[in-house]
Amino acid sequence: MSNIQSLTYFLPELILTSSAMVIILTDVFFRGRNRNRLIWLLSLVALGIAAIFLLLQTTPPDAIFYGALAVDPYSRFFKWIFLLATVVIYVVSPYSRELDNNPRHEYYLFMLLVVFGLFLMASALDLIIVYLSIEIVSIGSFVLAGFLKQERLSNESSLKYVIYGALSSGVMLYGLSLLFGIAGSTNVFDIQAALSGVPDKAHLTLAVALLLVLTGFGYKIAMVPFHFWTPDVYQGAPTTITAYLSVAPKAAGFALALRILGITFGSSPDMNLGEWLPVEGLPFGTLIAIFSAATMTVGNIIAIQQSSVKRLLAYSSIAHAGYMLMAAAILNAQAVSAIMFYLAVYLFMNLGAFLVAIFIHNRYGYDEIEEWKGLGFQAPAVAVAMGIFLFSLTGLPPTAGFVGKVYLFSVLIEAQQFWWLAVLGVLNSVVSLYYYMRILKAMFLDSEPTGERISGHPALSGTILLLMIPVLLFGVYWSPLMNLVRSSLEFFSPGM
Amino acid sequence: MDSLQSYLFLSIILFCFGLYGVMTRRNGVAILMGIELILNSANLNLVAFNRFGGLSELLPGHVFALFVIIMAASEAAVALAIIINLYKTFHTVNVDEAHEMRG
């Protein structure tokens with residue numbers, strides 16, 4: 001589709017960029033006392049308008065800008081996840097005390113730009129867009145991670161983020177350049193067509209290119225061994241941003257990796273077939289299975305030793321990437337839908353857990369597990385919500401995390417491949433029970449009721465309780481979400 | 001010197017130098033220079049593949065390289081700002097000394 005025609009399909013993204021420009025101008029010309037509030041409101045309105053345009057977008061799968069971006073139900077599903085995560089963070093950000101001494105209006109602006117990058121990641125069909133969208137998200141996140149300019153930890157975290165981020169995207173770019181060299185095109189469908197006919201000798205180059213590209217994707221989803229930035233960045237960044245980074249860019253990384261790897265290294269360009277096989281001679285499934293095993297094991301084992309809750313949740317988010325990678329080793333329709341379902345559930349439970357961490361941080365100023373003692377008596381509703389989020393993260397019924405995990409495991413079992421990986425996944429879930437329960441124990445068992453009550457801002461507590469509803473609801477009645485995922489499982493492919 | 005192989009050889013050398021620089025240097029700015037080398041090695045690849053692969057009409061490789069240059073510039077700007085900010089709080093640009101989070 002030509003550029004002018006494409007613009008109508010690009011409206012949500014256009015709204016995001018143009019409102020970012022409006023915010024920059026507002027920032028320059030409006031110097032009143034309510035500037036933070038005004039820009040907060042403007043950004044929320046922009047997100048709302050983008051959501052409306054996204055809702056109105058019901059066209060069949062298509063590619064816009066001469067095949068550079070896909071507009072299909074698959075990308076729309078992920079865009080909703082990004083919007084939801086962003087709105088939750090926007091709602092609680094004014095009430096996070098960490099941010100009080102910093103210019104929040106710039107923070108809102110950068111978040112809006114990151115959302116734009118995430119939207120591009122979910123719909124990229126071209127290597128140039130792949131690189132650009134990852135960089136747009138990364139550069140915005142670097143700034144946001146280092147947003148607390150006076151805090152040493154925040155500075156350290158943004159330094160580590162920028163070094164790891166720039167390095168891994170550079171290595172990924174080298175891999176993309178090799179892919180471009182083998183295939184002679186930057187369009188993923190052309191690359192797929194070229195790769196399915198490569199002679200046997202080029203397979204080594206192809207495997208090297210796949211590994212290098214996985215460096216960049218693995219960095220975005222925090223896959224071992226490209227995870228080293230995760231704990232430090234998550235601990236040092238403002239907690240609101242940590243919550244955001246652990247959900248939205250990770251979902252975008254999966255959206256991008258599943259589509260790009262699925263098409264580029266698949267034996268057929270059509271991702272809608274249900275079955276998926278890699279290009280002949282490429283050990284794709286085994287490679288991903290090994291990465292998955294390493295990711296969940298390392299994440300869980302190191303999480304046990306943590307005393308900072310933010311750091312613990314960082315390692316747990318690494319482990320969750322490992323669970324989702326289990327299904328990515330198979331990559332058929334069932335696997336993709338299981339990952340999408342899990343990402344949607346993960347959005348609610350992980351955001352919820354981090355919001356409770358913000359609640360604690362507002363009260364005590366730091367996030368050691370010691371500070372959680374007695375929370376069960378001081379703020380019972382929030383503590384019970386945290387308990388439910390932790391049960392869900394562990395994967396215990398009757399929470400949504402349990403259903404999500406069952407879907408992930410059933411992918412391996414029904415495909416009758418990688419049995420060892422499924423066994424390892426179950427063992428890892430047991431290990432994760434231990435460290436999640438440490439938080440639960442601190443909240444309810446490690447202290448006597450003192451009669452003291454702590455209460456956060458109603459907007460913060462309210463959001464925490466609201467996030468609890470889907471975690472419980474989808475644990476007993478998940479078919480609406482699964483139906484949504486199944487109907488979103490439609491990719492653009494050139495044959496359509 | 002006018003063959004694809006020689007350009008690819010040069011690019012892999014640049015890539016390795018960049019990676020070596022990132023791994024061994026402890027000065028934040030020097031690490032960034034290593035990363036720039038990696039990005040430029042990829043650019044060299046892109047342009048060389050475009051030149052020798054008979055893809056001259058639309059120049060996808062050249063366009064890709066241009067975008068990479070733009071992104072590298074903005075990334076360097078953000079990274080340098082972060083390093084300046086690091087210097088204000090830690091009074092050093094040595095990345096090993098900015099290491100308070102462990103575990």
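In which helix of chain A does A:Lys310 lie? In this model, which I should say at the outset is a predicted one, A:Lys310 belongs to helix α13, residues 309–328 of chain A. Since a residue counts as buried once 20 or more other C-beta atoms lie within 10 Å of its own, A:Lys310, with 24 such neighbours, is classed as buried. Leaving aside residues up to four places away in sequence, A:Lys310 touches A:Tyr234, A:Gln235, A:Thr239, A:Thr242, A:Ala357 and A:Asp367. For one of these, A:Thr242, which is 68 residues from A:Lys310 along the chain, the C-alpha atoms of the pair are separated by 8.1 Å.

Let me turn to a pair of helices in chain A. Helix α6, residues 127–145, packs with helix α7, residues 152–183, at an angle of about 175°, their axes being 10 Å apart, and because angles over 145 degrees count as roughly antiparallel, that is how α6(A) and α7(A) are described. On the α6(A) side the contact includes A:Leu127, A:Tyr131 and A:Phe142, while α7(A) contributes, among them, A:Tyr161, A:Gly165 and A:Phe180. The residues of this contact divide into 12 nonpolar, six polar and one charged.

Finally, the two chains. Contact between them involves 36 residues of chain B and 39 residues of chain A. On the chain B side, the elements giving two or more residues are α1 (4–24), α2 (28–52) and α3 (60–90), and α3(B) gives the most, with 17 residues. That side of chain B is made up of 25 nonpolar, nine polar and two charged residues.

Notes:
Residues numbered from 1 in each chain as written. Chains lettered and ligands numbered in written order. Predicted model: local features only at pLDDT ≥ 70, side-chain atom pairs only at ≥ 80, totals over all residues. Contact = placed C-beta atoms within 7 Å. Helix = DSSP H or I, 4+ residues; strand = E, 2+ residues; numbered from the N terminus. Nonpolar A, V, L, I, M, F, W, Y, C, P; charged D, E, K, R; others polar. Axes fitted to C-alpha atoms, helices over the stretch in contact; angles between N-to-C directions. Parallel < 35°, antiparallel > 145°, perpendicular 65-115°, else oblique. Buried ≥ 20, exposed ≤ 12 C-beta atoms within 10 Å, placed from the backbone.
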